[in-house]
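Grab a pencil and work through these exercises with the model open beside you. Each task comes with a solution in steps.

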Amino acid sequence: MKIFENIINPREIRRKLGLNQQEFWTQIGVTQSGGSRYESGRNMPKPVRELLRLVHVEQLDLARIKKEDFEIVGLLKEEQPDLYKSLKKAVRAKKKES
């Protein structure tokens, strides 16, 4: 995703969130030492980058997401595209209010 691709070092994200390495990396299943290596420039695998983006950039709580949720969204997009767009617009408007 473009948001994450513009961030060269995950350390920037962690610092903006005010988290220490342990707090930041364990939320996505990476050890503190592994996270430290990524922050020092070691190549981060794509699945780790995606988890980092979802949890720390998009602020998703992975414990609350179920496969069925994705299936519902896919079905809604496919069979009720106008309703999907309307709901998406409503969510964005609600975020702006917050």
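**Exercise 1.** Work out how helix α6 and helix α7 are oriented relative to each other.

*Solution.* Bear in mind that this is a predicted model.
- Start with the angle: α6 (residues 67-79) and α7 (residues 81-97) pack at about 120 degrees.
- Then take the distance, which puts their axes 5 Å apart.
- Now compare with the cut-offs: 65 to 115 degrees counts as roughly perpendicular, and over 145 as roughly antiparallel.
- An angle of about 120 degrees fits neither range, so α6 and α7 are oblique to each other.

**Exercise 2.** Find which residues bring α6 and α7 together, and sort them by class.

*Solution.*
- On the α6 side, look for V73, L76, K77, E78 and E79.
- Their partners in α7 are P81, L83, Y84 and L87.
- Sorted by class, that contact has 6 nonpolar residues, 3 charged ones and no polar ones.

**Exercise 3.** Now do the same for α2 and α5: what is their orientation, and what is the handedness of the crossing?

*Solution.*
- The axes of α2 (residues 10-17) and α5 (residues 46-57) come within 11 Å.
- They cross at roughly 20 degrees.
- Angles under 35 degrees count as roughly parallel, so that is the label for α2 and α5.
- As for handedness, the crossing of α2 and α5 is left-handed.
- To see the contact itself, pick out P10, I13 and L17 in α2, which meet L52, H56 and V57 in α5.
- By class, this contact holds 5 nonpolar residues, 1 polar and no charged.

**Exercise 4.** Zoom out: describe the make-up and dimensions of the protein chain.

*Solution.*
- Count the elements first: you get 7 helices and 0 strands.
- Reading from the N terminus, the order is α-α-α-α-α-α-α.
- The C-alpha atoms fill a box of roughly 45 × 30 × 25 Å along the principal axes.
- For the radius of gyration, the chain has 16 Å, whereas a compact globule of 98 residues would have one near 13 Å.

**Exercise 5.** Decide where to go easy on the details: which helix has the lowest confidence, and which the highest?

*Solution.*
- Overall, the mean pLDDT of the chain is 90, with 92% of residues at 70 or more.
- The lowest spot is α1 (residues 2-5), with a mean of 50.
- The highest is α3 (residues 21-26), at 97.
- Where pLDDT is low, the predicted coordinates shouldn't be read in detail.

Definitions and conventions:
Residues are numbered from 1 along each chain as its sequence is written. This is a predicted model: local features need pLDDT of at least 70, side-chain atom pairs count only at pLDDT 80 or more; totals for chains, interfaces and linings use all residues. Side-chain values use heavy atoms; hydrogens and water are left out. pLDDT is the predictor's confidence in each residue, from 0 to 100. Helices (H or I, at least four residues) and strands (E, at least two) are DSSP runs, numbered from the N terminus. Axes are lines fitted to C-alpha atoms, for helices over the stretch in contact, and angles run from 0 to 180 degrees between N-to-C directions. A crossing is left-handed if the near helix is turned anticlockwise from the far one by less than a right angle, and right-handed if clockwise. Contact means heavy atoms within 4.5 Å. Ala, Val, Leu, Ile, Met, Phe, Trp, Tyr, Cys and Pro count as nonpolar, Asp, Glu, Lys and Arg as charged, and the others, Gly among them, as polar. The radius of gyration is taken over C-alpha atoms; the globule rule is 2.2 Å times the number of residues to the power 0.38.
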